[in-house]
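Good morning, colleagues. Please take a moment to look at the sequence and the structure before I begin.

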Amino acid sequence: RNSDIRFPKGIWYEDLATTGAYVNFAQKIYYLDENLYYYRQRKHSIMNQDNYNKKMLDIRTAMELIMNRSDLHLYHDELEYVCISNLIYQSAERLLSYQRYIEIEQLTSFANQCFVHWESNPYLKRRSRLYRTTCRMIKRKHYRMAKLLYYLKNKMV
């Protein structure tokens, strides 16, 4: 069957925007607790920007595309977790270094609108206490504390 899933043009995170749509065509989904691929980190890639770039906010567009292309009822917990991970945890880690608090609030607000009770997500509960606490600090706009928690996480790695 033809899925006609295409990478959206002109946005960052285009892989994230399309990957979620493939779940609609899977007959079975399995979870493997092992790394099967690794991202190559380049110095000036999207993930390693030296300066703030407005395109970092394309993460919201990518999340909207995922949610529009996926069965929200069937994959609620999974989509909710992807939203938490990308819009709250990872985006805030990037944006805090540029002191882009308004942008963090916008992304967090969008996540809160889509998933009101995200703090009780079963996948989030499996993450470390440090990860969960960082997400809560971002939600509550305690950015200095979140920045400290990211610092601690990076020291532990």
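Why is the sulfur of C114 not bonded to the closest cysteine sulfur, in C83? The two sulfurs are 5.3 Å apart, which is too far for a bond. The cut-off behind that reasoning is 2.5 Å, since a disulfide is a pair of cysteine sulfur atoms within that distance. Please bear in mind throughout that this is a predicted model.

The structure accordingly holds 0 disulfides. Seen from the other side, C83 is in no disulfide, and the nearest cysteine sulfur to C83 is that of C114. As for their surroundings, C83 counts as buried, at 0% relative accessibility, whereas C114 counts as partly exposed, at 30%.

I turn now to the aromatic residues. The structure holds 6 aromatic pairs. I shall take two of these pairs in detail.

The first one I wish to discuss is formed by W12 and Y13. The centres of their rings are 6.5 Å apart and the planes stand at 65°, so this pair is edge-to-face. The angle exceeds the limit of 60 degrees that this class requires. W12 and Y13 are both buried.

The second one is formed by Y101 and Y143. Here the ring centres lie 5.1 Å apart and the planes are at 15°, so the pair is stacked. This contact links distant parts of the chain, with the two positions 42 residues apart in numbering: Y101 belongs to helix α4, residues 101-114, and Y143 to helix α7, residues 143-156. How accessible are the two partners? Y101 is partly exposed, with a relative accessible area of 29%. Y143, by contrast, counts as buried at 10% relative accessibility.

Beyond the pairs, one aromatic cluster is formed by Y89, Y131 and Y150. A member of that cluster, Y131, also has a charged neighbour: R127 lies over the face of its ring, at 3.8 Å from the ring centre. A similar arrangement occurs at Y52, where R100 lies over the face of the ring, at 3.8 Å from its centre.

Let me come back to Y13, for reasons of backbone geometry. Y13 is found in the segment before α1, which covers residues 14-19. Its phi is positive, at about 65°, although Y13 is not a glycine. The relative accessible area of Y13 is 8%, and the residue is therefore buried.

Which other residue should be set beside it? Q99 also has a positive phi, near 55°, in a residue other than glycine. Q99 sits in the loop between α3 and α4. Where Y13 is buried, Q99 is exposed, with a relative accessible area of 53%.

Y13 leads us to the interior as well. The structure holds 1 cavity of 30 Å³ or more. The volume of the largest cavity is about 30 Å³. What lines the largest cavity? Its lining consists of Y13, M56, L57, I59, S91, R94, L95 and L107. By class, that lining comprises 6 nonpolar, 1 polar and 1 charged residues. Helix α3, residues 76-96, gives the most to the lining, with 3 residues. Y13 thus appears here as a lining residue, having already appeared as a partner of W12 in an edge-to-face pair and as a residue with positive phi.

I shall close with two separations along the chain. The first concerns Y123, which is found in helix α5, residues 122-125. Y123 counts as partly exposed, at 26% relative accessibility. From Y123 to V82 there are 41 residues in sequence, and the C-alpha to C-alpha distance is 9.5 Å.

The second concerns S128, in the loop between α5 and α6, the latter being residues 129-139. At 43% relative accessibility, S128 is also classed as partly exposed. S128 and L152 are 24 residues apart in sequence, and their C-alpha atoms are 13 Å apart in space.

To restate the opening point, the sulfurs of C114 and C83 are 5.3 Å apart, too far for a bond. I would be glad to take questions.

Terms used. Residues numbered from 1 in each chain as written. Predicted model: local features only at pLDDT ≥ 70, side-chain atom pairs only at ≥ 80, totals over all residues. Heavy atoms only, no water. Phe/Tyr/Trp six-rings, centres within 6.5 Å; stacked < 30°, edge-to-face > 60°. Buried < 20%, exposed > 50% of the residue type's maximum accessible area, 1.4 Å probe, protein only. Helix = DSSP H or I, 4+ residues; strand = E, 2+ residues; numbered from the N terminus. Lys NZ or Arg CZ within 6 Å of the ring centre and 35° of its normal. 1 Å grid on protein atoms, 1.4 Å probe; cavity = no way out; pocket = protein on both sides within 12 Å on 5 of 7 lines; lining within 4 Å. Points joined across faces, edges and corners; volume = space filled by probe spheres on them. Nonpolar A, V, L, I, M, F, W, Y, C, P; charged D, E, K, R; others polar.
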